[in-house]
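Here are some notes for a colleague who is opening this structure for the first time. They are best read with the structure in view, one point after another.

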Amino acid sequence: MTEFHSNAGIGIVVEEEIVFTLDELCRASGTGEAQVLALVGEGVLDPTGTGPQDWVFDGPTLRTVRTALRLADDLELGIRGAAIVLDLLEQVAVLQSRLRRAGIR
Amino acid sequence: MEFKDYYATLGVERTSTQDEIKRAYRKLARKHHPDLNKEPGAEDRFKDIAEAHEALIDPERRAAYDDLGRRHAQGQPFEPPPGWDSGFEFSGRGGEAPGARGDADFSDFFESLFGHAGRPSGPQGGARGGGHAPGSDHHAKVMIDLEDSYRGAKRTISLRVPVFDTEGHGVLQDRQLEVNIPKGVREGQHLRLAGQGAPGHGNAPPGDLYLEIVLRPQRPFRVDGGNVYVDLSVSPWEAALGATITAPTPEGDVQLSIPAGSSQGRKLRLKGRGLPGKTPGDLYAVLGIALPKSDSSAEQEAYAAFAKAFPHFDPRIANEA
């Protein structure tokens with residue numbers, strides 16, 4: 001096993017500084033167009049633009065897609081099942097945020 | 001390398017059917033999936049479960065594993081005998097492994113038994129292999145401290161990446177990468193490091209590396225997006241009469257004025273003292289009123305005088321803040 005060392009420079013914050021085209025989003029999340037189209041179809045993703053050829057996805061989309069795919073694949077939920085779980089996770093996050101503000105955890 | 005008891009990991013018997021293994025896996029996967037279970041350790045447990053499932057659900061791999069298992073127990077030192085797998089031919093089931101997104105990390109034990117048989121084959125899952133396809137994008141996590149987000153930081157991270165030679169054989173390579181963490185980065189955000197993913201084919205450019213930020217919990221602070229909360233205990237007289245007290249912040253102690261008449265749970269906002277960024281977060285000190293013990297008679301008399309001074313105070317009636 002070899003080892004090497006390099007300097008990657010400064011990281012760019014995806015959520016704040018990057019938008020993705022459909023192709024870029026597929027590459028970054030390691031999936032195919034069909035999965036992304038299905039997520040748009042479920043209303044999980046909401047790109048701007050008139051159609052797939054000029055869709056623009058905001059930075060936080062990357063995290064959503066990756067979570068959706070993990071759920072869909074690992075738990076064999078399919079895209080629709082993953083969409084429901086994502087909605088529930090969003091509700092959990094809102095409740096946890098309230099608990100943190102209230103000092104409960 | 002230690003022998004891993006995949007049956008124990010899934011809580012099934014060596015005689016269990018494929019259906020029983022599948023059921024056990026599904027149940028455990030739901031319970032420990034890192035997107036559903038935020039407890040520390042859930043992710044490692046899920047990886048173990050996924051690996052055990054991957055090894056046992058394929059009848060060919062299971063047969064090979066059982067053959068070895070007759071001679072080993074969990075945790076025993078283990079070296080695969082030379083040529084042990086010559087009688088088995090793994091057809092592989094590329095794409096079905098949890099690593100289909102390129103971030104699975106099966107153990108050395110698994111790799112030594114089955115190689116990359118459970119992985120998507122080739123540098124691009126075969127789909128874009130050959131020609132001049134760009135390298136694929138990689139993902140990893142990096143854990144940082146709260147003060148790294150406040151100040152920015154330089155981190156060296158270790159990555160274990162499969163590298164493929166011209167014939168498509170994969171070897172694992174350790175990579176040390178020095179990364180500048182920009183200040184203001186928040187839990188769950190991703191950093192993109194251009195060109196640090198998998199190498200491209202031919203003249204094509206390499207892929208990018210994405211690092212997901214994990215913020216190490218740091219008492220007494222609670223982080224919610226860009227806002228930071230800290231509990232602050234005050235005495236009843238500080239709350240009632242007002243005071244200037246020392247409060248901890250991730251950037252060091254500050255002097256904080258407690259307004260007179262503060263009640264339990266009051267939030268004092270230090271604007272812009274949360275995580276930095278385009279929209280800096282705020283820091284909130286959440287007041288908690290601590291009551292002194294009354295052990296001596298003098299202390300008890302003080303409480304009695306207190307009671308006498310508030311004859312109409314009823315704590316059971318809402319005491320509006």
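1. Chain A has a radius of gyration of 17 Å, whereas a compact globule of 105 residues would have one near 13 Å. Please keep in mind from the outset that this is a predicted model. Taken along the principal axes, the C-alpha atoms of chain A fill a box of roughly 45 × 40 × 30 Å.

2. As for its secondary structure, chain A has five helices and four strands, and, read along the sequence, these elements follow the pattern β-β-α-β-α-α-β-α-α. Of its 105 residues, 29% count as buried. Among the contacts in chain A with a separation of 6 or more, 55% are accounted for by residues 24 or more positions apart.

3. Chain B, with 321 residues, has 26% of them counted as buried, and its secondary structure comprises eight helices and eleven strands. When contacts in chain B between residues at least 6 apart in sequence are considered, 59% of them join residues at least 24 apart.

4. How many residues of chain A are in contact with chain B? There are 35 of them, and they meet 37 residues of chain B. On the side of chain A that touches chain B, the elements β1 (3-10), β2 (12-13), α1 (14-17), α2, α4 and α5 each supply at least two residues, and the largest share, nine residues, comes from α4(A). By character, the residues on this side of chain A divide into 14 nonpolar, ten polar and eleven charged.

5. The two chains also share a sheet, in which four strands are arranged in the order β2(A)-β4(B)-β5(B)-β1(B); this sheet is open, and its pairing is mixed. Its edge strands, each of which pairs on one side only, are β2 of chain A and β1 (138-144) of chain B. Across the chain boundary, β2(A) and β4(B) pair in the antiparallel sense over two bridges, and Val13(A) stands opposite Leu191(B) in β4(B). Within chain B, β4(B) and β5(B) likewise pair in the antiparallel sense, over four bridges, and there the bridge partner of Leu191(B) in β5(B) is Leu211(B).

6. Which residues have the most contacts inside the largest nonpolar core? This core has 30 residues, and those with the most contacts inside it are Leu25(A), Val36(A), Leu39(A), Val65(A), Ala68(A), Leu191(B) and Leu211(B). At least two residues of this core are supplied by each of α2 (22-29), α3 (33-41), α4 (61-74) and α5 (78-102) of chain A, and by each of β3 (170-181), β4 (190-193) and β5 (209-215) of chain B. The largest share of the core, six residues, comes from α4(A), the helix that also gives the largest share of the side of chain A touching chain B. In soluble globular proteins, nonpolar side chains tend to be buried together.

7. Ala68(A), one of the residues with the most contacts inside that core, deserves a look of its own. Leaving aside its neighbours within four places in sequence, Ala68(A) is in contact with Leu39(A), Val44(A), Ile79(A), Ala82(A) and Leu86(A). A second core, separate from the one just described, has 19 residues, among them Tyr6(B), Tyr25(B), Leu56(B) and Ala64(B).

Key
Residues are numbered from 1 along each chain as its sequence is written. Chains are lettered from A and ligands numbered from 1 in the order in which they are written. This is a predicted model: local features need pLDDT of at least 70, side-chain atom pairs count only at pLDDT 80 or more; totals for chains, interfaces and linings use all residues. A nonpolar core is a set of buried Ala, Val, Leu, Ile, Met, Phe, Trp, Tyr and Cys residues joined through C-beta atoms within 7 Å. A residue is buried if 20 or more other C-beta atoms lie within 10 Å of its own, exposed if 12 or fewer, and partly exposed in between; C-beta atoms are placed from the backbone. Two residues are in contact if their C-beta atoms, placed from the backbone, lie within 7 Å. Ala, Val, Leu, Ile, Met, Phe, Trp, Tyr, Cys and Pro count as nonpolar, Asp, Glu, Lys and Arg as charged, and the others, Gly among them, as polar. Two strands pair if DSSP finds at least two bridges between them. The radius of gyration is taken over C-alpha atoms; the globule rule is 2.2 Å times the number of residues to the power 0.38.
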